[in-house]
Amino acid sequence: MNQPRGDGHVHLADYIAPAWRIPQAELQFELDPAATIVLSRLCLSPDPARPGQPLELDGEGLELLDITLDGQPLAPDRYDYDGHRLVVAGLSGDCELATRVRIHPAGNTRLEGLYRSGDLLLTQCEAQGFRRITFMADRPDVMPRWRIVLRANRDAFPVLLANGNPLSSRDLGDGRHEASWENPHPTPAYLFAIAAGPLERVSQRLKTAEGRDVEINVWAEPGDVARCKYALGAVERALRWDEERFGRCYDLDVFNVVAAQDFTMGAMENKGLNIFNARYILADESTATDADFLAIESVVAHEYLHNWSGNRVTLRDWFQLSLKEGLTVFRDTEFSSDLHSRALKRIEVVRLLRGRQFAEDAGALAHPVRPARYKEISNFYTLTIYEKGAEIIRVLHTLVGEEAFRAGMDRYFADNDGRAATLEDFMSAHAAASGRDLSAFARWYAQAGTPEVAISADFNPATGDYTLTVDQHTPPTPGQPDKQPLVIPLRYVLFDADGAVVGQAPESDAVVRDGLVELTDARHVLRWRGLDGQPIPAFNQGFGAPVKLRFDQDVDDLARLARLERDPFNRWDLLQRLATEALLARPHAEAATGALSDALADLLSDPDADPAFVAECLVLPDFDTLAEQVDEVDVQALVARREELLDRLAEDQVERLQLRYEALATAARDGLSGKAMSARALRNACLAWLTRLDPEARLAQAQFDAGGSMTERIAALRCLLHFQAPGAEAALARFRDSHAGDPLVTDKWIGLVATRPHPDALDDVQALMASPWWKPANPNRVRALVGSFARLNPLAFHRRDGAGYRLLAAQVATLDGVNPQVAARLLGAFESWHRWAQPQRGQAKSALGSLQGQLASPDSRDFLERLLA
């Protein structure tokens, strides 16, 4: 693919198609944890448009043992290998290049390429891990068909899995055996996978809508396989949903999923062999929470849905990353919304956007959804690529409507099946299907930053004219000081004095239809004439576009809208606005607090309200969301105001909270039904508020002692630890000891310790790092301890003495030599440091400065340079 320029960046504008195609690849593995031998045979074909070009293959740190061309040894002067790239000159036509290399999985702590996880050998090749296995044009637009042969000791590796369909297996004698696999679909190297070791499975057979017989297998290490049944069901639900909603059927005879305890990412959509972080596979009610079950279903769906949006249609280059990730997040979000509550899923997504993605968009690490350049592609697996990318797809869906969107998706898949596509291909398909010009819409992909939509209102009582002036502006971001207007679909509704919807359409210079205005310019004006009185407007219902909305609205209007609004998401959003008014000490904070308390009282007293929705309404905007609302972040003051408001609201609602907690006890014991999950959500939210008012935490202690599901126990333990109840240490010890052999449950209690909201939680984190519980080579453990501390414990991480920042910097320096991707992502906790108040801003700068010259990996150095720029 395109090589870095002198500035060290790979540039989108420099894309060049491969000079050599690889239509067929055959790999043979002699698997051994200490030293694996890989024999590769690549069928090569030159691009007729670029004759005479040397062959260039990626190969990172490989021990080259043999190299032949068309069966003949290649003379040393015919090739050059510098440890990163193999260059072969003098090739003129179709030929076969064979190489034999040695690699060392047991020493591979990066968890890229082939590595050992316990007794398993696994691979992770996205984005550029395949080059650590053998030589290949390791780029997504080179798409061979694959044949894979695995050989290994049968006792150590009784199960041998690879991409595609199984071809054959045989005994080799001497305790060894062999399995052959074939992937008949053109597939880039980043989707290559093998998994080998002592695995057991749960299975199901089904017939697709096209009549294909498919075997689904979910594999795990012995002892864990009983916890794979929920994930197995999730695969079938995703498969059936994609058939019905998008008309996409599965295209192989087998679909294998493997759970891995050591895995840097959440999961990987390798063709026919998805490898998952075990936290997104293993679950039962005694070890997994309701949130875990929903996350497993969502992630399983995401990876399965990639079979079309990412695998059958893949990427021309890594700049198009959101074409598969953003599109598939949109698809998996629709899957969860269709199967469960659309409103609750929307609340979950918007919380993540406002709390984390908006901060990324406004900080030192801001970048467009399709960047123009990058240094390290692994650093662009971000919320902007995934979550904002999905929101852009949602904007398109809103603009064209469901019918045209489905037609556009059908055309996109049909036109690009088996190809490496670009965002232009995607938009071309949708433009053709919808008849719309999408050239201005494409700016969403090119511009970084979160658009701000500011609305001002004017009412003339004499004429009844009501005017809204709508301005959009996207603030400057690194490398992009000036922004063009975006195409923003803005939903609106006007209510009259009686609470009825004003049906009259406004006059406007913008396109207006069915309660939606399409913003395309920096300013638009909407005017209603002859109204009987000044209406109350509401905007961006359903969060139809990822924007920050600025509209001054008094507390009485917000409270009235919250009573009028029937859509659960919109009602929740209005309560969030009231909470924000109360929390940010604005002029009407006291009135907002009263209105919020009254609204919560109504919800807690309503027996018909979905308990899970009521639980969401009890969750105030978190620290990160509030921090995005202020110019300078005073951490301690912001946290203190939030705690004070929670205490006051709990006092206001104590009787209602107690009643709901008790009334839902029976429903909460009904297993994994939606009703039971909903009941547990509200009971646990009530428990957290009630524990604020009881220094002895008697209710939390009783819930913990009663046992029950992991959802109930972990919620009670959180209350005991975070409110520093008298029984907290004893409860933690009981919980820890009862699950000592389960790394995923261990991660749960470690995360609770790391997020205890007190500055001295830093001491607990340091103590854990000095204990046997600390496993720096395991990404899940690092995220549970260091990631939770830095991202979810503002009082401890942002200590005024800078100790939290120094701890994180020291861990980044250490982990950079273990797993650079994990280390680099930890640095993201500093993304907004420029806006932190003193002394934190100076302390953060000092901590970041201390890392200069200490980081060896390009991943971490790239993040550090951008943070300090």
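Select Arg736 to begin, in helix α18 (residues 728-738), where helices are DSSP runs of H or I of at least four residues and strands are runs of E of at least two, both numbered from the N terminus. Arg736 counts as partly exposed, with 26% relative accessibility; on this scale buried means under 20% relative accessible area, exposed over 50%, and partly exposed in between, for a 1.4 Å probe and protein chains only. Now add Arg201 to the selection: the two residues are 535 residues apart in sequence, and their C-alpha atoms are 28 Å apart in space.

The model on screen is predicted, so local features need pLDDT of at least 70 and side-chain atom pairs count only at pLDDT 80 or more, while totals for chains, interfaces and linings use all residues. Residues are numbered from 1 along each chain as its sequence is written, and side-chain values use heavy atoms, with hydrogens and water left out.

Go next to Pro222, in the loop between β18 (213-220) and α1 (229-246). Pro222 is partly exposed, with a relative accessible area of 46%, and its C-alpha atom is separated by 6.2 Å from that of Leu199, 23 residues apart along the chain.

In the same loop selection, show the side chains of Asp224 and Arg227, which meet in a salt bridge at 3.2 Å, N to O; a salt bridge here is a side-chain nitrogen of Lys or Arg within 4 Å of a carboxyl oxygen of Asp or Glu. Both Arg227 and Asp224 are buried.

Move on to Asp471 and Arg523, whose side chains form a salt bridge of 2.5 Å, N to O. Asp471 belongs to strand β26 (residues 465-473) and Arg523 to strand β31 (residues 523-528), so this pair ties together parts that are 52 residues apart in sequence. Asp471 counts as partly exposed, at 21% relative accessibility.

Then pick Asp764 and Arg756, where a salt bridge of 2.7 Å, N to O, joins the side chains. Asp764 is partly exposed, with a relative accessible area of 27%, whereas Arg756 counts as buried at 10%. For a wider selection, take Arg245, Glu334, Asp338, Arg342, Arg346, Glu391, Arg394 and Glu402, which salt bridges with shared partners join into one network. A search of the whole structure finds 75 salt bridges.

Glu565 offers a contrasting stop, in the loop between α9 (555-564) and α10 (568-583). Glu565 is buried yet has no salt bridge, and the nearest side chain of opposite charge, Arg566, is 6.8 Å away; for charge, Lys and Arg count as positive and Asp and Glu as negative, with His and the chain ends not counted. A polar atom of the Glu565 side chain does lie 3.1 Å from the backbone nitrogen of Asp567.

End at the second largest pocket, which holds about 1200 Å³ of space. A pocket is an open set of points on a 1 Å grid over the protein atoms alone, where a 1.4 Å probe fits, with protein on both sides within 12 Å along at least five of seven lines, and lining residues have an atom within 4 Å of a point. To find its centre, select Gln3, Asp58, Arg85, Gln128 and Arg131, the closest to it of the 44 residues that line this pocket. β2 (20-30), β4 (55-58) and α26 (858-868) each supply at least two lining residues, and α26 gives the most, with five. Coloured by class, the lining divides into 19 nonpolar, eight polar and 17 charged residues.

How values were computed:
Points joined across faces, edges and corners; volume = space filled by probe spheres on them. Nonpolar A, V, L, I, M, F, W, Y, C, P; charged D, E, K, R; others polar. Polar contact = N/O pair within 3.5 Å; in protein donor to acceptor, adjacent residues only side chain to side chain.
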